[in-house]
Amino acid sequence: MAARRPKGAPQVRTQDETLDPVEEHVVRMRHGYRLPDDVPLGTKDGGRADVAEQLRQMELQALAESGRLEALRERAEAEEAAEATKTKIVERLKAKDQAASDTDPDAGKD
């Protein structure tokens with residue numbers, strides 16, 4: 001059974017598209033291509049919720065022991081705050097555009 005590429009991993013393409021995962025790994029190493037640090041690893045839980053939860057708990061424990069868990073949480077909070085700011089800006093721009101089109105019926109027509 002062939003290994004699968006993690007989600008979010010950039011794809012290495014060839015003319016005939018026949019690289020197996022081991023060959024792809026060698027090409028990546030040779031040319032200095034790295035996977036992002038936050039690429040999730042695939043799991044083999046067989047669709048069983050109890051096994052998936054146990055694997056998740058083990059991953060959280062490993063992250064906590066390595067000290068990366070707090071850094072990941074801070075990064076997620078910063079991303080959420082940035083997304084909230086972006087959403088607020090977009091909503092204000094939409095409202096401004098709507099107000100402009102309500103006062104000037106020819107606005108936005110080219």
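User: Before we start, what does pLDDT stand for in practice, and in which helix of the chain is confidence lowest and in which highest?
Analyst: Happy to help: pLDDT is the predictor's confidence in each residue, from 0 to 100. This is a predicted model, and the chain averages a pLDDT of 78, with 71% of the residues scoring at least 70. Among the helices, the lowest mean, 81, belongs to helix 1 (residues 21-31), and the highest, 90, to helix 3 (residues 68-103).

User: Thanks! How many helices and strands are there in the chain?
Analyst: Reading from the N terminus, the elements run α-α-α. That agrees with a count of 3 helices and 0 strands.

User: What distance should helix 2 span, and how far apart are its end C-alpha atoms?
Analyst: Helix 2 covers residues 49-66, which is 18 residues. The expected span is 1.5 Å times one less than the number of residues, so helix 2 should span 26 Å, and its end C-alpha atoms are indeed apart by 26 Å.

User: How do helix 2 and helix 3 pack, roughly parallel or roughly perpendicular?
Analyst: Just after helix 2, Gly67 takes a positive phi of about 85°. In helix 2, Leu60, Leu63, Ala64 and Ser66 meet Arg68, Leu69 and Leu72 of helix 3. The axes lie 5 Å apart at an angle of about 100°. Since angles from 65 to 115 degrees count this way, helix 2 is roughly perpendicular to helix 3.

User: What percentage of the residues of the chain count as buried?
Analyst: The chain exposes about 9,900 Å², and carbon and sulfur atoms supply 53% of that area. Buried means under 20% relative accessible area. Of the 110 residues, the share that counts as buried is 6%.

Technical notes:
Residues numbered from 1 in each chain as written. Predicted model: local features only at pLDDT ≥ 70, side-chain atom pairs only at ≥ 80, totals over all residues. Heavy atoms only, no water. Helix = DSSP H or I, 4+ residues; strand = E, 2+ residues; numbered from the N terminus. Buried < 20%, exposed > 50% of the residue type's maximum accessible area, 1.4 Å probe, protein only. Areas by Shrake-Rupley, 256 points an atom, 1.4 Å probe, with all protein chains shown as cover. Axes fitted to C-alpha atoms, helices over the stretch in contact; angles between N-to-C directions. Parallel < 35°, antiparallel > 145°, perpendicular 65-115°, else oblique. Contact = heavy atoms within 4.5 Å.
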